[in-house]
Amino acid sequence: MYENISKYVISFFSKHQVINEDPLIYQYGFMITLSYFISSIAILVIGLLLNSLISAFIYIFLFDKLREYAGGYHARSYLECSLLFITLFIVCVVASNIIPYLCLFIISSSLLLLSTNYIPTYHPNKKANDSLTYRTSKIAFNRFVIVMLSSILLYFINPSISSQMNIVIIEILILIRIQFYLNQKKEVNQ
């Protein structure tokens with residue numbers, strides 16, 4: 001679906017000479033943008049239906065900013081990526097109303113400490129040198145710590161949002177472990 005829409009839009013721009021370079025690069029970029037946009041709109045709609053619109057905005061922001069440097073699991077298709085992103089949001093909202101904040105904070109803190117050697121974990125197609133990996137590792141870890149500390153402060157204002165912040169951390173750290181496992185499995189099979 002995303003690929004067909006991207007092909008059509010980029011083809012249109014190429015015919016009208018808006019794009020003069022390799023259209024495949026633009027098509028790829030447009031597919032990523034379209035996938036992210038549709039997933040984000042779906043999360044906002046679900047957030048509205050669940051009376052959690054603020055949670056939806058915070059979830060999208062945190063998920064994006066934490067994964068930017070931390071990496072994590074990459075789905076096999078844009079549809080799978082969208083469905084996973086949406087499902088994880090629903091899990092986040094539901095779990096934040098069931099699991100106590102302190103429990104979530106302990107789990108997220110423990111997972112973060114156990115995951116320091118795995119951050120960042122990239123898809124095997126994304127190559128990074130050691131200095132870049134070290135730098136992104138520090139940035140990612142600092143972002144996780146900032147979100148955790150913010151969740152402590154926010155707990156006294158809105159415990160539900162604070163819980164959701166910790167769930168986002170847990171979800172992302174699990175996605176990092178999954179991608180790390182897949183990378184290891186791929187290395188063994190080569």
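This passage walks through the fold of one chain, from its overall make-up to its helix packing, its core and a few single residues.

The model is a predicted one, in which local features need pLDDT of at least 70 and side-chain atom pairs count only at pLDDT 80 or more, while totals for chains, interfaces and linings use all residues. Numbering starts from 1 along each chain as its sequence is written, and side-chain values rest on heavy atoms, with hydrogens and water left out.

To start with the big picture, the chain has 7 helices and 0 strands, with helices (H or I, at least four residues) and strands (E, at least two) taken as DSSP runs and numbered from the N terminus. Read along the sequence, that gives the pattern α-α-α-α-α-α-α. The C-alpha trace spans about 55 × 45 × 25 Å along its principal axes. Of the 190 residues, 38% count as buried; here buried means under 20% relative accessible area, exposed means over 50%, and partly exposed is in between, using a 1.4 Å probe and protein chains only. Contacts, meaning heavy atoms within 4.5 Å, often link distant parts of the sequence: among those with a separation of 6 or more, 77% join residues 24 or more positions apart.

Next come the helix pairs. The axes of helix 2 and helix 3 come within 7 Å and cross at roughly 150°. Axes here are lines fitted to C-alpha atoms, for helices over the stretch in contact, and angles run from 0 to 180 degrees between N-to-C directions. Helix 2 and helix 3 are therefore roughly antiparallel, going by a scheme in which angles under 35 degrees are roughly parallel, over 145 roughly antiparallel, 65 to 115 roughly perpendicular and the rest oblique. Their crossing is right-handed, that is, the near helix is turned clockwise from the far one by less than a right angle, whereas anticlockwise would make it left-handed. Helix 2 brings Tyr36, Ser40, Ile43, Leu44, Gly47 and Leu48 to this contact, and helix 3 brings Leu53, Ala56, Phe57, Tyr59, Ile60 and Asp64. These residues split into 9 nonpolar, 2 polar and 1 charged, where Ala, Val, Leu, Ile, Met, Phe, Trp, Tyr, Cys and Pro count as nonpolar, Asp, Glu, Lys and Arg as charged, and the others, Gly among them, as polar.

Helix 3 also packs on helix 7, at an angle of about 35° with the axes 10 Å apart. This crossing is right-handed too. Among the residues in the contact are Ile58, Tyr59, Phe63 and Arg67 of helix 3, along with Val168, Glu171, Leu175 and Ile176 of helix 7. The contact divides into 14 nonpolar, 2 polar and 2 charged residues.

Helix 4 (residues 78–96) is another partner of helix 7 (residues 159–189), with axes that come within 9 Å and cross at roughly 140°. The two are therefore oblique to each other, and helix 4 passes helix 7 in a right-handed crossing. Leu84, Leu88 and Val91 are among the helix 4 residues that take part, and Ile167, Val168 and Leu175 are among those from helix 7. Here the division is 9 nonpolar, 4 polar and 1 charged.

The largest nonpolar core, a set of buried Ala, Val, Leu, Ile, Met, Phe, Trp, Tyr and Cys residues joined through side-chain atoms within 4.5 Å, holds 37 residues, and Ile43, Tyr59, Phe63, Ile119, Phe144, Val168 and Ile176 touch the most other members. Helices 2, 3, 4, 5, 6 and 7 each give it two or more residues, and helix 7 has the largest share with 10. Leaving aside neighbours within four places in sequence, Ile176 is in contact with Ala70, Gly71, Gly72, Tyr73, Tyr118, Ile119, Thr121 and Phe144.

Gly72 itself lies in the loop between helix 3 and helix 4 and is buried, with a relative accessible area of 0%. Gly72 and Ile178 are 106 residues apart in sequence but 7.3 Å apart in space, C-alpha to C-alpha.

Two loops hold backbone oddities. Most residues other than glycine have a negative phi, and most peptide bonds are trans. Asn51, in the loop between helix 2 (23–49) and helix 3 (53–70), has a positive phi near 60° and counts as exposed at 73% relative accessibility. The peptide bond from Ile119 to Pro120 is cis, with omega near 0°, and Pro120 sits in the loop between helix 5 (101–114) and helix 6 (130–155).
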